[in-house]
Amino acid sequence: YRALTFILTFLLYTSFHLSRKPISIVKSELHKNCSSVSELATIASSNGRGSQQPSLTSLHTDVDCSWKPFDKRNYKQLLGAMDYSFLCAYAVGMYLSGIIGERLPIRLYLTVGMLTSGLFTCLFGLGYVYNIHSLGFYIFVQVANGLVQTTGWPSLVTCIGNWFGKGRRGLIMGLWNSHTSVGNILGSLIAGYWVSSNWGLSFIVPGLIIAAMGAVCFLFLIEHPNDLKSMYAQNSCPGKSVPTKSWNGVNGHTEVYLQYKDNKTQSYDTELLLPRDSVCVPVQPVVVVKRESEPSAISFMGALRIPGVIEFSLCLLFAKLVSYTFLFWLPLYITKAAHLDAKKAADLSTLFDVGGIVGGILAGVISDKLGKRATTCAVMLLLAAPTLYGFSMISEFGLGPTIGMLLVCGGLVNGPYSLITTAVSADLGTHKSLKGNARALSTVTAIIDGTGSVGAALGPLLAGLLSSGGWNRVFYMLMTADFLALLLLLRLVTKELASTKSRPISTVE
């Protein structure tokens with residue numbers, strides 16, 4: 001059942017990221033490079049067909065060029081606003097999602113979120129089918145989709161944290177978190193297949209996939225090992241079970257009385273004292289088992305007081321800013337810098353996510369072996385900054401160096417992001433100060449990822465604003481964010497290096 005839970009939750013969040021990726025692929029189609037159209041119009045005019053030239057230019061401008069309202073000169077700001085609307089709603093919703101998720105059944109909460117996310121993803125694609133050119137429509141769909149997608153991460157991290165202990169959590173979570181990159185790769189390939197012919201299908205197909213996975217979640221997800229025990233208890237043979245009757249005691253305690261049966265016949269006096277219905281009344285001797293009440297959900301401020309939550313949350317803000325800027329803008333950057341068409345740029349951008357898979361697993365393995373999560377993140381952040389500078393020179397490289405740079409950059413950028421959102425979140429959510437209250441895991445995860453999502457919202461927005469002055473400005477912003485993330489971890493790194501104990505995640509235990 002652990003293997004089933006691992007695979008199922010992996011596929012569920014793969015579908016979440018699969019449905020987020022199409023917007024970055026379709027951007028180059030929403031605003032095309034219209035130079036070829038201008039050249040065609042010039043050729044037509046030079047052939048002396050002055051009477052036909054206006055209709056020819058109009059035809060190509062409306063059909064083959066950009067999709068209104070993204071045909072304007074400020075198209076980068078408009079595309080950035082769409083990213084920002086999704087990610088801002090995601091960041092705000094994430095803080096609420098963890099609190100709500102602790103108080104509702106994970107399976108039902110996740111199912112509703114996936115079905116509605118599929119609906120809104122398909123709605124974006126239907127904008128192409130029904131020829132919708134209203135910016136407000138696309139912004140509304142992005143905001144709504146951002147809100148419902150927050151159901152995924154806290155729920156799934158809580159579920160996987162329930163099934164796997166701290167033993168080799170870095171490796172397990174590193175492998176599991178590769179669903180982010182796998183989802184991005186599949187989303188790029190699916191969206192890229194239709195982007196040039198019918199970009200509406202680039203959204204509709206991923207929308208249908210995540211909705212179908214929502215149905216799979218409802219049918220097969222087991223939230224906690226205790227649910228499995230309860231299921232076995234209910235399905236056990238009635239002949240071997242002992243008849244029980246439960247009464248609610250004081251202060252939420254439950255007292256379970258087990259009836260003792262012997263082969264002796266009861267006396268007439270005893271029978272008179274017994275009720276004549278099916279209610280089970282305890283007869284001497286009686287065994288009483290008391291179960292403590294369920295731990296209450298942790299408050300928002302209580303979660304913030306857990307050592308390490310604030311530092312890792314703010315670090316993730318800048319780490320996720322870098323990662324999500326690549327997620328939403330990398331295909332367009334490759335199109336403009338390397339002069340490739342939308343489909344080739346989509347295929348090439350998947351190498352960044354392949355590197356992210358390796359980086360996430362490597363970060364988990366190293367942090368498990370050294371017992372130093374913060375130090376592992378800090379080293380990768382330190383190496384990422386010069387790599388980002390090298391990546392800004394991609395237009396001067398050949399295909400081979402570009403592929404290598406994509407792989408290395410993906411590993412160093414996504415490694416810390418992967419480690420903080422999975423293993424570190426799970427460690428902090430089961431911190432020893434919580435005294436075994438596992439219900440804090442969802443709230444802690446939501447706080448860390450919600451804070452990171454603020455950076456995820458700011459990154460693509462700033463990229464849209466800064467890219468109008470040249471792509472170099474975008475990469476300087478990304479390098480600055482990496483250094484700030486590194487600075488926020490210095491206290492925890494110092495604490496880890498000063499510690500003489502070599503045990504996993506010493507800074508947050």
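Buried, in these legends, means under 20% relative accessible area. The model shown is a predicted one.

**View 1. The whole chain, for orientation.**
The chain folds into 21 helices and 3 strands. It runs to 509 residues, and 50% of them count as buried. Take the contacts between residues at least 6 apart in sequence, and 83% of them turn out to join residues at least 24 apart.

**View 2. Helix α7 and what covers it.**
Here we look at α7 (135–148), a helix of 14 residues. From first C-alpha to last it reaches 20 Å, close to the 20 Å expected at 1.5 Å a residue. Its buried residues are Y138, V141, Q142, A144, N145, G146 and V148. And what sits over them? The cover includes α2 (22–30), α5 and α6. Just ahead of this helix, in the loop between α6 (106–129) and α7, is N131. N131 is not a glycine, yet its phi is positive, near 55°.

**View 3. Helix α6 against helix α8.**
Two packed helices are described by the angle between their axes and the distance between the axes. For α6 and α8 (residues 152–163), the angle is about 145° and the axes are 10 Å apart. The crossing of this pair is left-handed. On the α6 side the contact is made by I106, Y109 and L110, and on the α8 side by G152, S155, L156 and T158. Sorted by type, the residues of this α6–α8 contact come out as 4 nonpolar, 3 polar and no charged.

**View 4. Helix α5 alongside helix α15.**
The axes of α5 (residues 75–101) and α15 (residues 309–337) come within 12 Å of each other, crossing at roughly 150°. Angles over 145 degrees count as roughly antiparallel, so that is the label for α5 and α15. The crossing of these two helices is right-handed. From α5 the contact draws on Y75, K76, L79, G80, D83, F86, L87 and Y90, which meet K320, Y324, F328, W329 and K336 of α15. By type, the α5–α15 contact residues divide into 8 nonpolar, 1 polar and 4 charged.

**View 5. Zooming in on D83, with a stop at P69.**
D83 belongs to helix α5. Is D83 buried or exposed? With a relative accessibility of 0%, D83 counts as buried. Setting aside neighbours within four places in sequence, D83 is in contact with I23, K27, F328, W329 and P460. D83 and S24 lie 59 residues apart along the sequence, and their C-alpha atoms are 9.0 Å apart in space. Follow the chain back from α5 and you come to the loop that links α4 (53–63) to α5, where P69 lies. The peptide bond between K68 and P69 is cis, with omega about 5°.

**View 6. K21 and its contacts.**
K21 has its place in the loop between α1 (2–20) and α2. Why does K21 count as buried? Its relative accessibility is 2%, and the cut-off for buried is under 20%. Beyond its neighbours within four places in sequence, K21 is in contact with N184, G187, S188, L327, P331 and D353. The C-alpha atoms of K21 and A191 are separated by 7.9 Å, although their positions lie 170 residues apart along the chain.

**View 7. Helix α10.**
This one is about α10 (residues 179–194), a helix of 16 residues. How far does α10 reach from its first C-alpha to its last? The span of α10 is 23 Å, close to the 22 Å expected at 1.5 Å a residue. Buried along α10 are H179, T180, S181, G183, N184, I185, G187, S188, I190, A191 and G192. Three of the names in that list also come up as contacts of K21: N184, G187 and S188.

**View 8. Helix α9 against helix α16.**
The axes of α9 (residues 169–176) and α16 (residues 342–370) come within 7 Å and cross at roughly 175°. That angle makes α9 roughly antiparallel to α16. In this contact, R169, G170, L171, G174 and L175 of α9 meet G360, I361, G364, V365, S367 and D368 of α16. The split by type for the α9–α16 contact is 4 nonpolar, 5 polar and 2 charged.

How values were computed:
Residues are numbered from 1 along each chain as its sequence is written. This is a predicted model: local features need pLDDT of at least 70, side-chain atom pairs count only at pLDDT 80 or more; totals for chains, interfaces and linings use all residues. Side-chain values use heavy atoms; hydrogens and water are left out. Axes are lines fitted to C-alpha atoms, for helices over the stretch in contact, and angles run from 0 to 180 degrees between N-to-C directions. Helices (H or I, at least four residues) and strands (E, at least two) are DSSP runs, numbered from the N terminus. Angles under 35 degrees count as roughly parallel, over 145 as roughly antiparallel, 65 to 115 as roughly perpendicular and the rest as oblique. A crossing is left-handed if the near helix is turned anticlockwise from the far one by less than a right angle, and right-handed if clockwise. Contact means heavy atoms within 4.5 Å. Ala, Val, Leu, Ile, Met, Phe, Trp, Tyr, Cys and Pro count as nonpolar, Asp, Glu, Lys and Arg as charged, and the others, Gly among them, as polar. The expected span of a helix is 1.5 Å times one less than its number of residues. Buried means under 20% relative accessible area, exposed over 50%, partly exposed in between (1.4 Å probe, protein chains only).
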